[in-house]
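Welcome! Here is a friendly briefing to read with the sequence and the model side by side. Take a moment to look them over before going on.

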Amino acid sequence: MTRPYLQSHYYIDIVVLVVGAGPPLNSIRRNDQTTLTQWQLQIIDSECTTPMQLTLWERLANEEGEIIAAKVGENPVIVLTCIKVQDFQGMSFCTTGNTMIKINPDIEEAQVLREWANTNQMIVEEHKKNQQSSIPSIISSTETTNISAIINDKQLPHRQVQLCKVQAWIVEINNQQDPWYPSCTLCKKKVEKSINAKKCERCHSNKFEVVDRYLFKIKVGDKTGSFWITLFDKEVEKLFACEASEMKKLKV
C-alpha cells in the first residue's frame, strides 16, 4: 500500500491493519434523495504507516462496519478485494459493489502484518490515540425540523454528526425484496444459513443460531421534501406489530 504506486480510479486488493473507526454516517444522494450508509475506517500497513481513509458503503457498512469497529482495540487485520483508489482531498479508498472483506483471515499475508503490529506497538497505539481524538461528536436535536432543512443543511461543523427529529409520512415502500433477512443471534449480521456451518461467517461465533430480522427501506416525506431511509428490527416491529419470523409465515 505504498502511496507512490497508488493511482486514482484503480481497483486493487489490500491487506491492512485498522487503527481507527468513526460512527456510521448517512449521506443523501442528491439525484434521487436515497439515503446511503457509510462507515469510515483508518488503516495502515507495514509500508504505509501514515493512516489512510477507507470508506465502507451500504451493505459492507451495515454488516462488517460494526464488527470491525468493535475490534479496533484488538488490532484487526482485514483483507479487501476490488476496492477503488480515490484522489479527492488526498488519497483514500472506498468499497465497490464487488468488494469482499475478510476479518482476521488465516492467511500468510495477514499473519505477517499481525507480527509487524506486535513488533511496532508504539506506532500502532499512537495512531489509535490520534484517531480516537478525531472521531466526530454526535449532537442530538430536541426540536422538530423538516426534511428540506436536513437535506440542505450545510452549517454543521465538519467533525460533528447530528441526529434530527422530523414528522413525516410514508410515501413509498421498496418492495423488491422481502423485508427480513437471516441473522446471527450474537452479531445480528446477515448470514447464509448452511446445514454444515460450524460458526457464523461474520463474528466467527461457534453458536451458529439464525433468527429472522427486519430490514425495511421506505421513502418518507413532508410538505418540504422526501428521502429514503432504512429501518431495522425493532423500528419495523412498531409498524407491523409483529416480529419478522411471524411476518415471514404470512408470505404466500
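Is Glu246 buried, exposed or partly exposed? Glu246 is partly exposed, with a relative accessible area of 38%. Please keep in mind that this is a predicted model. The points below walk through charged pairs, paired strands and aromatic rings.

**Salt bridges**

- Side chains of opposite charge can pair when their charged atoms come close.
- Six salt bridges are found in the structure, and three of them are described here, starting with the one that involves Glu246.
- Glu246 forms its salt bridge with Lys249, and the closest N and O atoms are 3.5 Å apart.
- Both residues sit in helix 6 (residues 244-249), three residues apart, so about one helical turn separates them.
- Lys249 counts as exposed, at 63% relative accessibility, while its partner Glu246 is partly exposed.
- In another salt bridge, the side chains of Lys217 and Glu58 meet at 3.7 Å, N to O.
- Because Lys217 belongs to strand 12 (residues 210-222) and Glu58 to helix 1 (residues 58-70), this pair ties together parts that are 159 residues apart in sequence.
- Lys217 is partly exposed at 32% relative accessibility, and Glu58 is also partly exposed, with a relative accessible area of 24%.
- Arg213 and Asp233 form a salt bridge too, with 3.6 Å between the closest N and O atoms.
- Here Arg213 lies in strand 12 and Asp233 in helix 5 (residues 233-240), so the pair ties together parts 20 residues apart in sequence.
- Arg213 counts as buried because its relative accessibility is 17%, under the 20% cut-off.
- Asp233 is buried as well, with a relative accessible area of 9%.

**Strands around strand 5**

- Strand 5 (residues 77-87) runs antiparallel to strand 1 (residues 11-21), and six bridges join the two.
- If you would like a place to look, find Val15, which stands opposite Val79 in strand 5.
- Strand 5 also pairs with strand 7 (residues 100-103) in the antiparallel sense, over four bridges.
- Leu80 has Ile101 as its bridge partner in strand 7.
- Strand 6 (residues 91-94) is another antiparallel partner of strand 5, and four bridges connect them.
- There, Gln86 stands opposite Ser92 in strand 6.

**Aromatic rings**

- The structure has two aromatic pairs.
- One of them joins Tyr214 and Phe240: the ring centres are 5.5 Å apart and the planes stand at 70 degrees, so the pair is edge-to-face.
- This pair links distant parts of the chain, with Tyr214 in strand 12 and Phe240 in helix 5, 26 residues apart.
- Tyr214 counts as buried, at 0% relative accessibility, whereas Phe240 is partly exposed, with a relative accessible area of 28%.
- Phe216 and Phe240 form an edge-to-face pair too, at 5.1 Å centre to centre and with 65 degrees between the planes.
- Phe216 in strand 12 and Phe240 in helix 5 are 24 residues apart, and their pair likewise links distant parts of the chain.
- Phe216 counts as buried, at 8% relative accessibility.
- Which residues do the ring pairs link into a cluster? They are Tyr214, Phe216 and Phe240.

**Where strand 12 meets helix 5**

- Two kinds of contact come together here: a salt bridge pair, Arg213 in strand 12 with Asp233 in helix 5, and ring pairs that include Tyr214 in strand 12 with Phe240 in helix 5.

How values were computed: Residues are numbered from 1 along each chain as its sequence is written. This is a predicted model: local features need pLDDT of at least 70, side-chain atom pairs count only at pLDDT 80 or more; totals for chains, interfaces and linings use all residues. Side-chain values use heavy atoms; hydrogens and water are left out. A salt bridge is a side-chain nitrogen of Lys or Arg within 4 Å of a carboxyl oxygen of Asp or Glu. Buried means under 20% relative accessible area, exposed over 50%, partly exposed in between (1.4 Å probe, protein chains only). Two strands pair if DSSP finds at least two bridges between them. Rings of Phe, Tyr and Trp (its six-membered ring) pair if their centres lie within 6.5 Å; planes under 30 degrees apart count as stacked, over 60 as edge-to-face and the rest as tilted.
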